Amino acid sequence: MAMKTVEEYQVGISCYISNLPGFRGILKQRYSDFIVNEVDRDGQVVHLSKLDAPPEEEQKSVQETGTNTSESDTTTVTSYASLLDSFKSLAGDSDASHLEEFLNQINAGDDKSVAPIVLSPDSNKSHRTAVHNFFKGNFKFLVTDTVDGPDASSKCIRVRLNSGGPNNGRDSKKRKERGDKPFDSRGSKSWPETLGKFLRFHLYKENKDTQEALGVIGKMLGIQSRSFGFAGTKDKRAISTQRVTVYKQLASRVASLNERLFGIKVGDFCYVYEGLVLGQLSGNRFTITLRGVVADSEDTIKASADALGSHGFINYFGLQVLPLPSTFLSPSLCVFLHPVLKFKNGANEDQALKSRSLRDSNKDRFGSGSVPTHLIGAALFRGEWELAVDLILDPRDGDILFHAIAKARKYYKDKKDVEGTLRQLPRYLVAERAVLQNLKRSSGNYVQALKAIPRTLRMMYVHSYQSFLWNHAASTRVQKYGTEQVVLGDLVYCKESPTGKLTGIVASECDDDCGDRYDSNIEDEVSADIQEESNSYVKVVTAEDLNSGCYTIEDVILPLPGSRVIYPTNDVAKVYHDLADKDRISLTECVHNVKEFSITNVTGSYRRVFQKPINFEWELLTYTDSTKPLVETDLDKIIKSKPVNGVIPVDAPDAKKEEDNMRELESSNDGIILNTDENEIEGEEVILPQDESVSGSNSQDSQTALKLSFTLPTSCYATMAIRELLKTSTSVAYHKTLNQ
């Protein structure tokens with residue numbers, strides 16, 4: 001089953017929108033070339049603007065008056081007023097008043113003493129769905145279900161406090177296993193009643209993934225990682241700013257960490273009543289600098305950049321990395337692992353293994369090694385449990401530099417000796433060790449062994465196969481029908497749908513059918529940020545629709561296969577079934593009874609085929625020193641305006657020395673694979689080209705860079721936009737050729 005590194009065409013990525021020629025450009029030559037700022041649900045771009053904690057009296061006034069002196073922050077009280085107005089227009093004055101009283105009770109007293117409320121009778125299922133989704137999207141500390149109404153034809157929505165914390169529901173069993181303690185509450189018994197239970201702050205980080213940064217902060221604060229909440233993971237090889245919440249920690253204590261943090265800063269503090277959970281964002285703002293740009297002419301670059309802004313890109317699932325939750329890598333481990341290790345220049349293999357473990361814990365959507373991830377998903381759908389285990393444990397091309405891993409994998413393949421393999425396999429390989437440990441306890445029980453893999457990772461295998469089919473379908477849609485107009489049989493969201501602008505999982509009303517659906521809380525924004533909506537909001541384009549001209553090419557969507565999706569009625573639908581048949585998989589019937597690996601139990605979702613970058617801007621730059629940042633970061637702006645204690649100016653000797661050290665680490669690995677955990681997003685494994693004419697730090701030749709700034713909704717990939725611009729592959733194999 002082994003094969004070479006996955007190429008884009010093998011997972012369906014084969015088309016472009018424009019016919020313009022591409023050009024050469026280096027993505028992420030330096031991590032400062034890739035800047036990501038989270039965009040919250042109100043459309044506000046999250047920036048780090050101040051590092052100091054607010055004065056105590058200001059903290060109190062925020063909660064007592066509902067007024068925040070910072071323009072960038074809004075308090076929970078203010079948010080409630082706005083949300084209640086929205087709810088009033090959805091559910092009416094009576095239910096809005098009822099909800100307002102309910103919220104006041106929660107904020108004023110003991111959470112356990114607050115009784116549930118029941119909203120007015122509602123016989124309209126679509127309207128009830130909208131109400132459920134309103135609470136899911138805006139009040140994560142509340143849960144809703146449906147109860148019988150006063151007569152047989154009506155039902156009522158019941159609203160109650162989420163006693164299990166913000167992630168109640170699918171994760172409740174795990175919570176019970178860890179003692180029903182959703183947060184680390186040590187030292188918080190004397191928490192002031194005037195403050196919200198969560199401290200919200202902006203996390204700025206350089207060349208670190210979200211879990212690694214929070215692991216460092218958690219270790220310094222002496223709290224567990226489960227106390228933190230965030231809306232989505234951000235790129236590792238980048239500079240990013242995002243919102244984070246932490247349970248019952250004082251702003252002054254967290255702000256004091258800035259003096260000891262390197263590559264991480266925290267600021268813009270305020271207290272809120274709700275912790276952040278995955279998916280509570282609308283997208284990300286990217287500032288990307290492509291260095292070493294070489295093209296036939298400057299006009300070629302300008303035309304390509306303009307075309308990207310005007311026409312967008314095909315919204316493929318790229319060869320991205322799916323980061324795992326921080327619970328799978330302990331904060332203490334994250335603290336001691338440097339993001340880049342000089343393995344060739346003296347670091348021992350144990351250090352290299354640890355560095356590799358961080359990359360291996362961020363499994364590729366399609367796999368960058370010799371075992372494509374979607375093949376594991378296909379084996380799971382077929383019920384070939386032993387094959388799936390073998391694929392997970394099989395030797396991989398990338399293991400050649402890591403003798404212990406390569407030796408252990410080969411040993412298992414040759415001997416099938418579980419205990420012997422466990423003794424050899426490094427403890428950092430989470431999925432592999434979970435499988436083997438379960439096989440040790442229950443020999444031959446491959447299903448149970450697969451279920452021992454952390455759920456986020458094992459469901460990623462399933463989603464990978466769905467993404468594989470979607471990519472091929474998208475390419476077929478472009479090849480057969482072009483990129484300019486809607487055609488008969490396409491799928492679109494109904495214009496009259498109240499959620500027609502959203503992309504989401506197709507699900508029936510949650511209270512009427514709460515099966516063991518695909519867990520959408522996977523920590524990449526393809527899944528975590530998908531909004532739920534009803535199947536009735538998707539329709540097939542008819543001749544009448546074409547004549548009316550109410551739909552454009554931007555409205556076209558395609559399904560990720562599942563039990564509750566519909567397919568186009570044109571030739572594109574055949575691609576799904578033909579590819580699945582080739583893999584001996586039925587998209588309508590399941591051959592086994594393991595629900596989470598069953599195509600009939602996976603709900604499915606929809607995804608837009610074409611995506612335009614929002615607020616797109618571009619600029620050509622020239623530079624001579626490739627070690628110098630070309631774009632100002634949030635931290636640069638703070639330092640420039642007012643130096644803060646504990647923050648080293650970027651031009652200070654110590655900062656320059658650290659910068660030089662990092663540059664040495666980056667350039668010493670001769671094409672080492674560098675994570676770009678592009679959320680969404682977020683990331684992709686990219687080989688850093690080491691072209692002397694481009695990356696030589698001492699070069700004084702004038703070079704060209706292209707600076708791009710744009711916003712993408714969640715579930716869209718910046719690397720796919722760059723692919724459309726450059727007309728080059730994003731695969732590891734392609735980038736290796738740049739080093740030859």
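**Close-up views of a predicted model**

**View 1. Strands E14 and E15 in a four-stranded sheet.** Strand E14, spanning residues 491–493, runs antiparallel to E15 and is joined to it by three bridges; in this predicted model, Val-492 has Lys-539 of E15 as its bridge partner. The two strands belong to an open sheet of four strands, ordered E15-E14-E16-E17 and paired in the antiparallel sense. Strand E15 (538–540) and strand E17 (605–608) each have a single partner strand and stand at the edges, so that one side of each is left without a neighbour in the sheet. From one strand to the next, the twist averages 50°.

**View 2. Helix H17 on the four-stranded sheet.** Helix H17 (residues 455–481) packs on the sheet whose strands E14 and E15 are joined by three bridges, where the helix touches strand E16 (556–560) and E17. The direction of H17 makes about 145° with that of E16.

**View 3. The three-stranded sheet and helix H4.** Strands E3, E5 and E4 form, in the order E3-E5-E4, an open sheet with antiparallel pairing. Because strand E3 (117–118) and strand E4 (142–148) stand at the edges with a single partner strand each, one side of each is left without a neighbour in the sheet. Seven bridges pair E4 with strand E5 (residues 155–161) in the antiparallel sense, and Asp-148 has Lys-155 in E5 as its bridge partner. Helix H4 (residues 125–138) lies across E4 and E5, and runs at about 160° to E4.

**View 4. The largest nonpolar core and a separate one.** The largest nonpolar core comprises 103 residues, and those with the most contacts inside it are Ile-288, Leu-290, Leu-450, Tyr-461, Trp-470 and Phe-710. Helix H17 gives the most to this core, with twelve residues. Leaving aside residues up to four places away in sequence, Phe-710 touches residues including Phe-286, Ile-288, Pro-613, Ile-614, Phe-616, Ala-718 and Ala-721. Apart from the largest core lies another of 25 residues, among them Trp-191, Phe-201, Ala-213 and Ala-251.

**View 5. Confidence along the protein chain.** The mean pLDDT of the protein chain is 76, with 69% of its residues reaching 70 or more. Confidence is highest in strand E11 (residues 313–314), at 97, and lowest in helix H9 (residues 331–336), at a mean of 28. The pLDDT is below 50 over residues 321–363, a stretch that has 108 contacts in the model beyond near neighbours in sequence. Over residues 649–699 the pLDDT likewise stays under 50, and the model has 174 contacts for them beyond four places in sequence. Where pLDDT is low, the predicted coordinates should not be read in detail.

Conventions:
Residues numbered from 1 in each chain as written. Predicted model: local features only at pLDDT ≥ 70, side-chain atom pairs only at ≥ 80, totals over all residues. Heavy atoms only, no water. Pairing = 2+ DSSP bridges. Axes fitted to C-alpha atoms, helices over the stretch in contact; angles between N-to-C directions. Contact = heavy atoms within 4.5 Å. pLDDT = per-residue confidence, 0-100. Core = buried A, V, L, I, M, F, W, Y, C linked by side-chain atoms within 4.5 Å. Buried < 20%, exposed > 50% of the residue type's maximum accessible area, 1.4 Å probe, protein only.
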